[in-house]
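Colleague: I have the model open beside me. Could you take me through it, one residue at a time where possible?

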Amino acid sequence: MTTIANNLQTVKQRLAQACAQAARPAGAVELLAVSKTFGPEAVEQAAAAGQVAFGENYIQEAVEKIVTLQERGVAGLQWHCIGPVQSNKTRLVAEHFDWMHTVDRLKIAERLSAQRPEQLAPLQVCIQLNVDGGANKAGVPPGEALALAQAVAQLPRLVLRGVMCIPEPADTFEAQRALHLRAKAVFDQIAAMGGAGLEQFDTLSLGMTADLEAAVAAGSTLVRVGSGIFGARSTPQEKE
Ligand SMILES: *Cc1c(COP(=O)(O)O)cnc(C)c1O
């Protein structure tokens with residue numbers, strides 16, 4: 001077995017245990033493999049081990065990888081954009097991804113909807129929340145999330161699937177869980193609102209390698225795991 005296949009198995013065991021600990025059904029939480037900074041070979045290895053959903057942060061890098069894998073005939077993968085996206089990159093996202101997790105402005109959502117190609121299924125989107133108030137941080141404050149969700153839900157070529165959050169790192173399980181619960185509370189508020197465009201609102205994108213147990217305890221339905229699967233990244237990049 002490859003290291004990646006081994007790591008995948010370990011992460012799935014962690015997830016299963018976290019679900020059991022939280023009295024949630026096994027399989028209640030989907031695993032997104034975050035392949036940023038790793039090449040197409042790493043994705044191929046994970047895909048060979050059964051992984052379908054992959055997350056990417058840097059649009060240019062991601063598009064090259066997606067196209068390379070298509071050319072190699074690796075089919076059936078699902079691509080999630082989880083990095084910040086500026087207006088001039090929305091077209092690439094609309095044309096190449098299945099999911100977009102970081103919608104935090106209506107303008108970005110409108111562009112994605114307008115640019116989504118006819119022949120593709122609607123783009124599945126999450127609204128990114130900023131639950132700790134960092135002024136320079138991406139994400140919409142909880143108090144503005146409902147209005148944004150309502151507006152995004154009306155866009156014809158998007159399907160609003162849920163919310164996503166990257167809380168500040170915290171040292172203890174309880175501190176991590178408390179932050180994740182803030183995102184869960186907003187998720188519940190939007191879900192309770194219901195109505196047109198919210199029929200498929202079912203995704204709470206929360207948790208990474210370091211805090212996936214706390215995220216599962218708080219109700220995450222999708223964890224985004226990079227280093228736990230692919231190993232340490234050589235360059236912790238902040239660029240887009
Ligand atoms: C890089 C990244 C991850 C994965 O982080 P790991 O700590 O490597 O698991 C998850 N979510 C987002 C938004 C990221 O940028």
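Modeller: Please bear in mind that this is a predicted model. I would begin with Trp79, which is buried, because its relative accessible area of 5% is under 20%.

Colleague: Which residue forms an aromatic pair with Trp79?

Modeller: A search of the whole structure finds three aromatic pairs. In one of them, Trp79 is paired with Phe54; the ring centres are 5.6 Å apart and the planes meet at 35 degrees, an arrangement classed as tilted. This pair links distant parts of the chain: Phe54 lies in strand β2 (residues 53–56) and Trp79 in strand β3 (residues 78–81), 25 residues apart.

Colleague: And Phe54, is that residue buried or exposed?

Modeller: Phe54 counts as buried, because its relative accessibility is 0%.

Colleague: What about Phe187 and Phe201, and why is that pair stacked?

Modeller: The ring centres of Phe187 and Phe201 are 5.1 Å apart and the planes are at 20 degrees; the pair is stacked because that angle is under 30 degrees. Here too distant parts of the chain are linked, with Phe187 in helix α7 (residues 173–193) and Phe201 in the loop between α7 and β7 (203–205), 14 residues apart. Both Phe187 and Phe201 are buried.

Colleague: Changing topic to the ligand: how many residues surround it, and which are the closest?

Modeller: The ligand is surrounded by 13 residues, and the closest are Lys36, Asn57, Thr209, Gly226 and Ser227. By class, the shell around the ligand divides into six nonpolar, four polar and three charged residues.

Colleague: Where does Lys36 come in?

Modeller: An N or O atom in the side chain of Lys36 is 2.7 Å from an oxygen atom of the ligand. Asn57 also has a polar side-chain atom 2.7 Å from a ligand oxygen. With Gly226 the contact is made by a polar backbone atom, 2.8 Å from an oxygen atom of the ligand.

Colleague: How much of the ligand does the protein bury?

Modeller: The ligand taken alone exposes 380 Å², and the protein buries 89% of that.

Colleague: One last residue: where is Asn130?

Modeller: Asn130 is in the loop between β5 (123–129) and α6 (142–153). At 8% relative accessibility, Asn130 counts as buried.

Colleague: What does the side chain of Asn130 reach?

Modeller: It reaches the backbone nitrogen of Gly133, at 2.9 Å. Leaving aside residues up to four places away in sequence, Asn130 touches Lys137, Ala138, Gly139, Val140, Pro141 and Pro142.

Technical notes
Residues numbered from 1 in each chain as written. Predicted model: local features only at pLDDT ≥ 70, side-chain atom pairs only at ≥ 80, totals over all residues. Heavy atoms only, no water. Near = heavy atom within 4 Å. Polar contact = N/O pair within 3.5 Å; in protein donor to acceptor, adjacent residues only side chain to side chain. Areas by Shrake-Rupley, 256 points an atom, 1.4 Å probe, with all protein chains shown as cover. Nonpolar A, V, L, I, M, F, W, Y, C, P; charged D, E, K, R; others polar. Phe/Tyr/Trp six-rings, centres within 6.5 Å; stacked < 30°, edge-to-face > 60°. Helix = DSSP H or I, 4+ residues; strand = E, 2+ residues; numbered from the N terminus. Buried < 20%, exposed > 50% of the residue type's maximum accessible area, 1.4 Å probe, protein only. Contact = heavy atoms within 4.5 Å.
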